Amino acid sequence: MSTKGEDILTNTEELLKIIKGSGLRKGFIALKLGITTYAFQKKVENRSQFKAGEIKILCDLLDITSLKE
């Protein structure tokens, strides 16, 4: 994820690469985040922002230790 001004934007390409490497399905990740698969896709594509709690869960699920990833 990268910073642009005050907004934190998702690096879509990198996040999708990490998800693919994790072996987890997007639907499973969305379920763990408590959102629909459609809402998750919108957030991945920067059409909606991840909430802080969702970022924490996502990082835990995908073993992301730095938001620079």
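Which side chains meet in a salt bridge at 3.7 Å, N to O? They are those of Glu14 and Lys17. The legends below start from this pair in a predicted model.

**View 1. Glu14 and Lys17 form a salt bridge within helix α1.**
The closest approach here is 3.7 Å, N to O. Both residues belong to α1, which spans residues 12–22. They sit three residues apart, about one turn of the helix. An α-helix has 3.6 residues a turn, so residues three or four places apart point the same way. Glu14 is partly exposed, because its relative accessibility is 24%. Lys17 is exposed, with a relative accessible area of 57%. A search of the whole structure finds four salt bridges; the Glu14–Lys17 pair is one of them.

**View 2. Helix α1 has a buried side and an exposed face.**
Leu15, Ile18 and Ile19 are the buried residues shown in α1. They cover an arc of only 100° around the axis, so they lie on the same side of α1. Cover for these buried residues includes α2, α3 and α4. The face turned away from the buried side carries exposed residues: Glu13, Lys17, Lys20 and Gly21. Lys17 of the salt bridge in View 1 is therefore on this exposed face, at 57% relative accessible area. Gly23 follows α1 and has a positive phi, near 80°.

**View 3. Lys43 and Glu54 form a salt bridge between two helices.**
The side chains meet at 2.8 Å, N to O. Lys43 lies in helix α3 (residues 37–44), and Glu54 lies in helix α4 (residues 52–62). The pair therefore ties together parts that are 11 residues apart in sequence. Are these two charged residues buried or exposed? Lys43 counts as buried because its relative accessibility is 6%. Glu54 is buried too, with a relative accessible area of 7%. The cut-off for buried is under 20%. Side chains of opposite charge can pair when their charged atoms come close.

**View 4. Helix α3 buries Phe40, Lys43 and Val44.**
These residues cover an arc of only 100° around the axis, which puts them on the same side of α3. They pack against α1, α2 (26–33) and α4. Lys43 is thus both a buried residue of α3 and a partner of Glu54 in a salt bridge. Lys42 also lies in α3. Lys42 counts as partly exposed, because its relative accessibility is 27%. Leaving aside neighbours within four places in sequence, Lys42 is in contact with Arg47 and Ser48. Asn46 follows α3 with a positive phi, near 65°.

**View 5. Lys56 and Asp60 form a salt bridge along helix α4.**
The closest N and O atoms are 2.9 Å apart. The two residues are four residues apart in α4, so about one helical turn separates them. Lys56 counts as exposed, at 53% relative accessibility. Asp60 counts as partly exposed, at 48%. Lys56 sits on the face of α4 turned away from the buried side, where Ala52 is also exposed.

**View 6. Helix α4 lines one face with buried residues.**
Which residues of α4 are buried? They are Glu54, Ile55, Leu58, Cys59 and Leu62. Seen down the axis of α4, they fall within an arc of 135°, so they line one face of the helix. These buried residues pack against α1, α2 and α3. Glu54, the partner of Lys43, is among them. Just after α4, Asp63 takes a positive phi of about 55°.

**View 7. Helices α2 and α4 cross at roughly 135°.**
Two packed helices are described by the angle between their axes and the distance between the axes. Here the axes come within 9 Å. α2 and α4 are therefore oblique to each other. Their crossing is right-handed. From α2, the contact is made by Phe28, Ile29, Lys32 and Leu33. From α4, the contact is made by Glu54, Ile57, Leu58, Leu61 and Leu62. Among the α4 residues in this contact, Glu54, Leu58 and Leu62 also belong to the buried set in View 6.

How values were computed
Residues numbered from 1 in each chain as written. Predicted model: local features only at pLDDT ≥ 70, side-chain atom pairs only at ≥ 80, totals over all residues. Heavy atoms only, no water. Buried < 20%, exposed > 50% of the residue type's maximum accessible area, 1.4 Å probe, protein only. Arc of directions from axis to C-beta. Contact = heavy atoms within 4.5 Å. Axes fitted to C-alpha atoms, helices over the stretch in contact; angles between N-to-C directions. Parallel < 35°, antiparallel > 145°, perpendicular 65-115°, else oblique. Left-handed = near helix turned anticlockwise from the far one by under 90°.
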